[in-house]
Amino acid sequence: MTTLFISDLHLDPERPDITALFGEFIDGEARSADALYILGDLFEAWVGDDDPSPAGAFVATKLQELHASGVPVSFIRGNRDFLVGDDYARRAGMAILSDPAVIDLHGEPTLLLHGDLLCTDDNAYQQFRAQTRDPRWQAQFLAQPLPARLAFAAQARAASKARYGELVSSGMAETIGDVSPATVQEWFKRYGIRRMIHGHTHRPAIHDEGGGNSRIVLGDWYEQGSVLRVDRDGIRLDVLPLA
């Protein structure tokens, strides 16, 4: 049996081809998996479980069907969809895991996380992350009318794009936008594991971190799909092409 991992789909109505590819993946390969893990940023933005996004409704239906077929679905919140709550999780038939979480993956203890917690060189982002993960901030945000939350999400996406452009211009995007090597080594020691799987950076690769440790980075779904397949015979990080 194969365990599947995906992340960083960033689904939204502006890219229906990617949403359709996700549906094909769920109806096809995922039906024969022993489990599916989604490691964050399933959606481009999520402003609460009353989010009216058609992509959200489509995903909930597909994941509920997968769950009903006997394939467990687990989800770790990302930096774009950290407000996915218990109501939506029930609709989608998925379990929300803590970030990070350790699982037994075919006999190997494995650390799963979205990945943004490893980007500790980006101080501004880590401060923003701490603020938006505060339960008080979230309660105040979710109490606002839906139009106000949608407007905030649009502004936040625009600000994120502008900041990334500034980092590219300054030559700092590759450094600040990636994980901190020191933090990666610290987390291997902290959790006592030898395998780590995450997304967030959009730099798919399987890294040898020394000492028998490996770090697997999932790819994004902007131009194509990306899936990690793990079974007792090994690990395969593959592309899912658009039709």
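**View 1. Helix α5 (residues 135–142) has a buried side and an exposed one.** Trp137, Gln138 and Phe141 are the buried residues here, where buried means under 20% relative accessible area, exposed means over 50%, and partly exposed is in between (1.4 Å probe, protein chains only). These three cover an arc of only 95 degrees around the axis, which puts them on the same side of α5; the arc is that of the directions from the helix axis to the C-beta atoms. Flip to the face turned away from that buried side and you meet exposed Pro135, Arg136 and Gln140. At the start of α5, a side-chain oxygen of Asp134 comes to within 2.8 Å of the backbone nitrogen of Arg136. Helices (H or I, at least four residues) and strands (E, at least two) are DSSP runs, numbered from the N terminus.

A word on the model: it is predicted, so local features need pLDDT of at least 70 and side-chain atom pairs count only at pLDDT 80 or more, while totals for chains, interfaces and linings use all residues. Residues are numbered from 1 along each chain as its sequence is written, and side-chain values use heavy atoms, with hydrogens and water left out.

**View 2. Leu63 sits among the best-connected members of the largest nonpolar core.** A nonpolar core is a set of buried Ala, Val, Leu, Ile, Met, Phe, Trp, Tyr and Cys residues joined through side-chain atoms within 4.5 Å. This one has 38 residues, and Phe22, Phe25, Leu36 and Leu63 touch the most other members. At least two core residues come from each of β1 (3–6), α1 (16–27), β2 (35–38), α2 (54–68), β3 (73–75), α3 (86–92) and α5. Setting aside neighbours within four places in sequence, Leu63 is in contact with Phe22, Ile26, Leu36, Ile38, Val73, Ala92 and Met94; contact means heavy atoms within 4.5 Å. A second, separate core has 13 residues, including Phe5, Ala35, Leu105 and Leu228.

**View 3. Helix α8 (residues 181–191) tucks in Thr183, Val184, Trp187 and Phe188.** Those four buried residues cover an arc of only 140 degrees around the axis, which puts them on the same side of α8. Their cover includes β6 (108–113), β7 (195–198), β8 (205–210) and β9 (213–217). Exposed Pro181, Ala182 and Lys189 are on the face turned away from the buried side. Just after α8, Gly192 takes a positive phi of about 60 degrees.

**View 4. Six strands line up as an open, mixed sheet.** The order is β4-β3-β2-β1-β10-β11, and two strands pair if DSSP finds at least two bridges between them. At the edges are β4 (94–96) and β11 (234–240), each pairing on one side only. Parallel strands β1 and β2 are joined by four bridges, and Thr3 has Ala35 of β2 as its bridge partner. Helix α1 packs on the sheet, touching β1, β2, β10 (225–231) and β11, with its direction at about 170 degrees to that of β1. Such axes are lines fitted to C-alpha atoms, for helices over the stretch in contact, and angles run from 0 to 180 degrees between N-to-C directions.

**View 5. β10 and β11 form a hairpin with two residues between them.** They pair in the antiparallel sense over seven bridges. One to look for has Arg229 with its bridge partner in β11, Arg236.

**View 6. Thr19 has its place in helix α1.** Thr19 is buried, with a relative accessible area of 11%. Not counting residues up to four places away in sequence, Thr19 touches Leu11, Asp12 and Phe58.

Note on methods. A polar contact is a pair of N or O atoms within 3.5 Å; within protein, one must be able to donate a hydrogen and the other to accept it, and residues adjacent in sequence count only if both atoms are side-chain atoms.
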